[in-house]
Each structure stands twice: as C-alpha cells, then as structure tokens.
Amino acid sequence: MAKLVFIRHGQSQWNLSNQFTGWVDVDLSDEGVKQAQNAGKLLKEEGILFDQAYTSVLTRAIKTLHYALEGCDQLWIPETKTWRLNERHYGALQGLNKAETAEKYGDEQVHIWRRSYDTLPPLLKATDEGSAAKDRRYANLDPRIIPGGENLKVTLERVIPFWEDEIAPKLLDGKNVIIAAHGNSLRALTKYIEDISDADIMDVEMATGEPVVYDLDDKLNVVSKKKLN
C-alpha cells in the first residue's frame, strides 16, 4: 500500500500581510519556517520513508519541502519541481490586500473570486507588469499556456496531467510520495483523488504546514486519510 503526503507550504510573507499571492514568488515568514520544520518532526514521528518528492517552482513550497524533509532525515530523496503544482494564478488580484479589495468590490464579489469553482479573477495580459510570461522560470513553456488568471477548475486541469503522467505511476509502483505545494493545487488534487463534487470542494481547507497522509490501495483508491498536527 502506497502512502501519499500533502503539505501546504508554511505561512508566507503575503499570507501574513493578507495579500493575494498566486504565482508571485514570495518567501516564507518566520512562522512559516517553524510550521515547515514542525511538519518534518511530525513526519519523522510517523515513520514514513519516502521515495519521491514533488513541489512547485515557487520558493515558499520548495523551502517547505526542504525543511520538512530535513526534519525527517530524508533531504536526499529525488525531487521534481514543476509549474503544474503552482498555486492558482490570481490574475490582476495578485499583490492586492484582500481586506482592501473587499472594501472596494464588496465581500460577495471577492468571495466569488476566491471560492467559486469556475469563476475567473480579473486577468493579467502577457504584457502587463507582473505577468508570469516575463518570468525566466517559465521560459520553456508555450506562451499560450501561461495563465493570466485561474479558477480552481483551470488549476485542476493543469495539475491532473502531471498527476497522471508522473505521480500516479510512482504510487502504482508502491512508492511513497510527498508533495509540498499550495492551497489550491492541493485542493485540486484532493478533489480528484477523493472524488469531491464541485460544490463541496469549496469548503475544503488546507492548513499551512500540516501534513495530510493518505493510504492508497493498488488502484489508488483512498483507504485512509489523516492529518498530522
């Protein structure tokens, strides 16, 4: 039986300042570092031996993975970074303070942008300041697939091919996998592997720095799930 562990990155500097982050590459806060280190201690206590690690190309997730693996003495395992595990792209909302945005557009509209399964935020153009199209880490991607904004539905659509091509084969081979990523990319994976409805997934929260452990059978059905905290 394979084990799959999800960790949402520790608190970021923009989580702390209540800003929309998305694909903006911000670092962990001091509290976020502590959360990631504690995740490593919890994983060590759980005794899971990992075969493969995956993370996004954003610093807060990468550092969370490294702190967690260091804490459970497994920093050496193979690691793959991919943009497909990035946070949902918040478009033109990125960098804005969430409370100030709610004052400007109303709580209901901001709630729809944040929580609707298939409503897009205001989009960035490739020529706009802050567009991911200008970021070197995405230089090898077809410019047409670099988003100007995403909802959870679109996030799921770009995460699942990586799951099918890279992650699922490892699990089917009986390997234990750890994924350190973001609230929405992990919610997308959670929706997929637990077969959660479009409506119900909106109530699923991913706590920062708290590992979620799945036991999966040989068909990748969820046998058990628990949160380490």
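Student: What is the order of the 6 strands in the open sheet, and what is the pairing?

Tutor: In this predicted model, the order is β3-β2-β4-β1-β5-β6, and the pairing is mixed.

Student: What makes β3 and β6 the edge strands?

Tutor: Each of them, β3 (79-81) and β6, pairs on one side only. The twist from one strand to the next averages 15°.

Student: How do you know that β2 and β3 pair, and in which sense do they run?

Tutor: Pairing takes at least two bridges between the strands. Strand β2 (residues 52-55) is joined to β3 by 3 bridges, and the two run parallel. The count meets the cut-off, so they are paired. One residue pair to look at is Thr55 with its bridge partner Lys81 in β3.

Student: What are the partners of β1, then?

Tutor: β4 pairs with β1 in the parallel sense over 5 bridges. β5 pairs with β1 in the antiparallel sense, also over 5 bridges. Ile7 has Ala180 of β4 as its bridge partner. Leu4 has Tyr214 of β5.

Student: Why is β1 called largely enclosed?

Tutor: Buried means under 20% relative accessible area. In β1, 6 of the 7 residues are buried, so the rest of the structure largely encloses the strand.

Student: How are β5 and β6 paired?

Tutor: Strand β5 (residues 212-216) and strand β6 (residues 222-227) are antiparallel, with 5 bridges. Tyr214 is opposite Lys225 in β6. Tyr214 is also the bridge partner of Leu4.

Student: Which residue of the β5 and β6 hairpin takes a positive phi?

Tutor: Leu220, with phi near 65°. The hairpin has 5 residues between its strands.

Student: Which strands does helix α3 lie across?

Tutor: α3 (residues 59-71) lies across β1 (2-8), β2, β3 and β4 (177-181). Against β2 it runs at about 155°. Angles over 145 degrees count as roughly antiparallel. So α3 is roughly antiparallel to β2.

Student: What makes the packing of α2 and α3 oblique?

Tutor: The angle is about 40°, and the axes are 7 Å apart. Roughly parallel needs under 35 degrees, and roughly perpendicular starts at 65. An angle of about 40° fits neither class, so the packing is oblique. The crossing is right-handed. Among the contact residues are Val33, Ala36 and Gly40 of α2 and Tyr67, Ala68 and Gly71 of α3. The contact divides into 6 nonpolar, 4 polar and 2 charged residues.

Student: Why is α6 called roughly perpendicular to α7?

Tutor: The axes of α6 (residues 152-172) and α7 (residues 183-194) cross at roughly 70° and come within 9 Å. Roughly perpendicular covers 65 to 115 degrees, so the label applies. The crossing is right-handed. Contact residues include Leu156, Ile160 and Trp163 of α6 and Ala188, Leu189 and Tyr192 of α7. By class there are 9 nonpolar, 3 polar and 3 charged.

Student: Which residues of α5 are buried, and what do they pack against?

Tutor: In α5 (residues 107-115), Val110, Trp113 and Arg115 are buried. The buried residues pack against α4 (98-105) and α7.

Student: Why does Thr21 count as buried?

Tutor: Its relative accessibility is 8%. The cut-off is under 20%, so Thr21 is buried. Thr21 sits in the loop between α1 (13-16) and α2 (30-46). Beyond residues up to four places away in sequence, Thr21 touches Ser12, Trp14, Val26, Arg60 and Gln94.

Methods: Residues are numbered from 1 along each chain as its sequence is written. This is a predicted model: local features need pLDDT of at least 70, side-chain atom pairs count only at pLDDT 80 or more; totals for chains, interfaces and linings use all residues. Side-chain values use heavy atoms; hydrogens and water are left out. Axes are lines fitted to C-alpha atoms, for helices over the stretch in contact, and angles run from 0 to 180 degrees between N-to-C directions. Helices (H or I, at least four residues) and strands (E, at least two) are DSSP runs, numbered from the N terminus. A crossing is left-handed if the near helix is turned anticlockwise from the far one by less than a right angle, and right-handed if clockwise. Contact means heavy atoms within 4.5 Å. Ala, Val, Leu, Ile, Met, Phe, Trp, Tyr, Cys and Pro count as nonpolar, Asp, Glu, Lys and Arg as charged, and the others, Gly among them, as polar. Buried means under 20% relative accessible area, exposed over 50%, partly exposed in between (1.4 Å probe, protein chains only).
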